[in-house]
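Please open the model in your viewer and keep the sequence panel beside it. The stops below tell you what to select next and what is there.

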Amino acid sequence: MGLLLAVSISCSDDDNDDNTPPVPTVDVMIKETTLGKVLTDGSGKTLYFFTKDVAGTSACTGGCLTVWPVFSVASPRLNAGLNAADFSTITRADGQKQATYKGWPLYYYKDDTAAGDVKGENVNGVWFVAKTDYTMMLGNAQLVGNDGKSYKSDYTEGTADTQFLVDSLGRTLYAFINDKKNVNKYTKADFSNDDFWPIYYADIKSLPSTIDKSLFAVIDVFGKKQLTYKGWPLYYFGPDSKTRGMTKGVSVPRPGVWPIVNKESPNAPD
């Protein structure tokens, strides 16, 4: 009896010792990394945003997908603290499905070999870890004004990608050329013109690693808060209709009066 029992136990141990990794119980979770809390898949592999996807469609095609494979789980099972309403799925131009978070398509990075790796951060200045609490993100796109014309970063007509600050949902932020350092010279005391150029405010939480938090400040505009960057008060453009990636304001009333803002923006004058 003793011998039979020993054999039985030995066989049971061998059957369970197959080193099979556990099956994830969720598809998306939040994981602490060297860059803070980021979105990962259920195995802890980091997910990323691509700034060229600011309009909500994927600009990563061809060889790009070899380096940045898409995250394509439909109706992902979410870890506690994540909101299902923030997730959706798009159909890419190649017919493949891709999961999105707050409208940003999600990707892996091929060189992230271990859970928690964040080697894709700031690759080419356009790839950033996916976070749930970005106050702002960066977009890269062709500037197209309200006049339908294409503009370069110097506001001359032409075709070229320009990088610019957007809110967490990809909506473009602008400065007003007549403003002074931390002084809003546009908004009226009764806010009667706020619909056309609404002031922007949000509590600063996470930012892309290339954006310096110390360059932001908060000002009071007739009792309302407005965020500034490099001293420039920040605005939306009403006719952008809160649409991701729209840059109609760059041509109103003429190019350069309401510029986009980015790292190359000069400091606002005193």
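Begin by selecting the hairpin of β11 and β12, which has 2 residues between the strands, and look at Phe 222, whose phi is positive and near 50°. Strands here are DSSP runs of E of at least two residues, numbered from the N terminus, and two strands pair if DSSP finds at least two bridges between them. This is a predicted model, in which local features need pLDDT of at least 70 and side-chain atom pairs count only at pLDDT 80 or more, while totals for chains, interfaces and linings use all residues. Residues are numbered from 1 along each chain as its sequence is written, and side-chain values use heavy atoms, with hydrogens and water left out.

Now extend the selection to the whole of β11 (residues 216–221) and β12 (residues 224–229), which pair in the antiparallel sense over 6 bridges. Along this pairing, Phe 216 stands opposite Tyr 229 in β12, and Val 218 stands opposite Leu 227 in β12.

Next, add β13 (residues 232–233), which runs antiparallel to β12 and is joined to it by 2 bridges. Tyr 229 has Trp 232 in β13 as its bridge partner, and in the hairpin of β12 and β13, again with 2 residues between the strands, Lys 230 takes a positive phi near 55°. With these strands selected, you have an open sheet of 3 strands in the order β11-β12-β13, with antiparallel pairing. Because β11 and β13 stand at the edges, each with a single partner strand, one side of each is left without a neighbour in the sheet.

Staying with β12, select Lys 224, which lies over the face of Phe 191 at 4.3 Å from the ring centre; a charge sits over a ring if NZ of Lys or CZ of Arg is within 6 Å of the ring centre and within 35 degrees of the ring normal. Arg 244 offers another example, its charged end sitting over the ring of Trp 104, 4.7 Å from the centre.

Then turn to the aromatic rings, of which a search of the whole structure finds 25 pairs. Rings of Phe, Tyr and Trp (its six-membered ring) pair if their centres lie within 6.5 Å, and planes under 30 degrees apart count as stacked, over 60 as edge-to-face and the rest as tilted. Select Trp 197 and Phe 237, whose ring centres are 4.3 Å apart and whose planes are at 35°, so the pair is tilted. This pair links distant parts of the chain, 40 residues apart, with Trp 197 in the loop between β10 and β11 and Phe 237 in the segment after β13. Both Trp 197 and Phe 237 are buried, where buried means under 20% relative accessible area, exposed over 50% and partly exposed in between (1.4 Å probe, protein chains only). Adding Trp 258 shows a stacked pair with Trp 197, at 3.7 Å centre to centre and 5° between the planes.

Move on to β10 (residues 161–167), where 6 of the 7 residues are buried. This strand pairs with β8 (residues 136–144) in the antiparallel sense over 7 bridges, and Asn 140 has Gln 163 in β10 as its bridge partner.

Finish at Thr 34, in the loop between β1 (28–33) and β2 (36–41). Is Thr 34 buried or exposed? Thr 34 is exposed, with a relative accessible area of 75%, and its C-alpha is 7.7 Å from that of Val 118, although the two are 84 residues apart in sequence.

Note on methods
Helix = DSSP H or I, 4+ residues; strand = E, 2+ residues; numbered from the N terminus.
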